Amino acid sequence: LLCLLKMSQADFVCYTSEREVDDLKQFFYLENNISEERLKFTVFNLYNTEYYELINSVKDVESVKSSDRCYEIQYSKFSWFKNEDKSYDYYFWFDAGLSHTGLIPDRFLSATGYRYYFESSLFNNKFLQNLINFCEDKFVVISKDNVRNFWDGTVNEKFYTKYDNSLHVIGGMFGGKTELWENIIDKFNNYLIEIISDEKKLYFEENILSLMFFNHREIFKNLYFDTWWHEDNYKDRPENYFQENKSFYKILEELNG
């Protein structure tokens with residue numbers, strides 16, 4: 001989040017827990033002099049999400065215990081938008097985890113010590129303006145190759161207008177013009193309820209986004225990549241691997257162009 005705040009022409013809302021909020025305020029407001037006008041913290045109880053009852057009706061608790069993904073957070077990425085006053089021209093969701101050494105090569109990491117692992121120079125005002133310019137009148141998503149570099153399965157084929165699992169839309173970054181969000185939220189909500197009610201199982205928000213992308217291509221613009229790997233963390237790669245596969249960070253680099 002501190003890294004994302006290099007986009008100084010944007011304001012941010014961070015959803016967090018009552019347990020974490022005081023430490024976050026200490027770190028951002030006092031230790032790093034981030035303005036409270038630019039960064040607001042909203043305490044949220046994950047037992048009170050829009051989809052809490054729906055999730056619990058089918059949740060396999062033992063399976064969830066072994067996962068690093070939280071369905072309540074994943075689905076709230078969309079419902080939290082309803083809390084906004086819609087006064088901004090554009091709204092984007094960013095996972096703070098988008099900025100770390102596992103995704104970004106050393107040459108774009110701009111600090112020392114512990115912060116070296118997440119402090120990237122790629123998130124800045126130029127990146128933000130180019131992202132806005134790229135949007136035009138579409139809702140922007142990022143998708144990964146899911147054929148040569150398989151990442152994940154998808155929902156049941158019957159929910160597709162024409163089945164396609166060649167791309168996997170990630171949940172780490174998406175957004176666009178304010179007036180586009182309601183349609184996206186409605187579609188996400190409708191697909192989510194239909195699929196969970198029918199399948200009696202939970203899917204990652206990325207699976208729902210991927211379905212939406214293929215069923216409604218006309219409303220999306222796509223930033224594409226092939227692999228999460230980059231030159232500094234895949235030393236044993238096959239010859240020409242990075243000539244044939246576009247790394248995720250290349251998207252960030254291009255938006256700095």
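Here are some worked exercises on a predicted model.

**Exercise 1. Overall build**

Work out what radius of gyration a compact globule of 257 residues would have, and set the protein against that value.

*Solution.* Start with the parts list: nine helices and seven strands. Next, take the box along the principal axes, which the C-alpha atoms fill at roughly 50 × 50 × 40 Å. Now the globule rule: for 257 residues it gives a radius of gyration near 18 Å, and the protein comes in at 19 Å, so the two agree. Then check burial, where 47% of the 257 residues count as buried. Last, look at how the chain folds back on itself: take contacts between residues at least 6 apart in sequence, and 74% of them join residues at least 24 apart.

**Exercise 2. Helix α4 and its surroundings**

Find how many residues of α4 are buried, and name what they pack against.

*Solution.* Step one is the count. Helix α4 runs over residues 71-79, and eight of those nine are buried. They are Tyr71, Glu72, Gln74, Tyr75, Ser76, Lys77, Phe78 and Ser79.

Step two is the neighbours. On the helix side, the buried residues of α4 pack against α2 (52-58), α3 (61-65), α6 (181-199) and α7 (205-215). On the strand side, the partners are β3 (90-94) and β6 (173-177).

Step three zooms in on Ser76, which sits in α4. Is Ser76 buried or exposed? With a relative accessible area of 1%, Ser76 falls under the 20% cut-off, so it is buried. Its side chain doesn't go without a partner: it reaches the backbone oxygen of Glu72 at 2.7 Å.

**Exercise 3. How α4 meets α6**

Describe the packing of α4 and α6, first by geometry and then by residues.

*Solution.* For a helix pair you want two numbers, the angle between the axes and the distance between them. Here α4 and α6 pack at about 145°, with axes 9 Å apart.

Now the side chains. From α4 come Tyr75, Lys77 and Phe78, and they meet Trp181, Ile184, Ile185, Phe188, Leu192 and Ile196 of α6. Sort that contact by class and you get eight nonpolar residues, no polar ones and one charged. Among the α4 residues in it, Lys77 is the charged one, as Lys counts as charged.

**Exercise 4. Tyr203, a loop residue**

Decide whether Tyr203 is buried or exposed, and list what it touches.

*Solution.* Place it first: Tyr203 lies in the loop between α6 and α7. Being in a loop doesn't settle the matter, so go to the number: a relative accessible area of 9% makes Tyr203 buried.

Next, the contacts. Leaving out residues up to four places away in sequence, Tyr203 touches Tyr71, Tyr75, Thr154, Val155, Asn156, Ile195 and Ile208. Take Tyr75 from that list: it is 128 residues from Tyr203 in sequence, yet the C-alpha atoms are 9.9 Å apart. Finally, the side chain of Tyr203 makes a polar contact with the side chain of Glu199 at 3.2 Å.

Continue into α7 itself: eleven of its eleven residues are buried. What covers them includes α4, β4, β5 (167-169), β6, α6 and β7.

**Exercise 5. The nonpolar cores**

Identify which element gives the largest share of the largest nonpolar core.

*Solution.* The largest core holds 40 residues, and those with the most contacts inside it are Met7, Phe94, Phe123, Phe127, Leu131, Met173 and Phe248. Elements giving it two or more residues include β1 (12-16), α1 (18-31), α5 (125-135) and β7 (220-225). Of the contributors, α5 gives the largest share, five residues.

Try Phe94 as a sample: beyond its sequence neighbours up to four places away, it touches Leu4, Met7, Phe127, Leu131, Gly172 and Met173. There's also a second, separate core of 37 residues, including Tyr71, Phe81, Val141 and Ile185.

**Exercise 6. Positive phi**

Say where Lys86 and Asn240 are found, and how open each one is.

*Solution.* Lys86 has a positive phi of about 65° without being a glycine. It is found in the loop between α4 and β3, and at 30% relative accessible area it is partly exposed. Asn240, also not a glycine, has phi near 70°. Its loop joins β7 and α8 (241-244), and at 40% Asn240 is partly exposed.

Notes:
Residues are numbered from 1 along each chain as its sequence is written. This is a predicted model: local features need pLDDT of at least 70, side-chain atom pairs count only at pLDDT 80 or more; totals for chains, interfaces and linings use all residues. Side-chain values use heavy atoms; hydrogens and water are left out. Buried means under 20% relative accessible area, exposed over 50%, partly exposed in between (1.4 Å probe, protein chains only). Helices (H or I, at least four residues) and strands (E, at least two) are DSSP runs, numbered from the N terminus. Contact means heavy atoms within 4.5 Å. Axes are lines fitted to C-alpha atoms, for helices over the stretch in contact, and angles run from 0 to 180 degrees between N-to-C directions. A polar contact is a pair of N or O atoms within 3.5 Å; within protein, one must be able to donate a hydrogen and the other to accept it, and residues adjacent in sequence count only if both atoms are side-chain atoms. A nonpolar core is a set of buried Ala, Val, Leu, Ile, Met, Phe, Trp, Tyr and Cys residues joined through side-chain atoms within 4.5 Å. The radius of gyration is taken over C-alpha atoms; the globule rule is 2.2 Å times the number of residues to the power 0.38.
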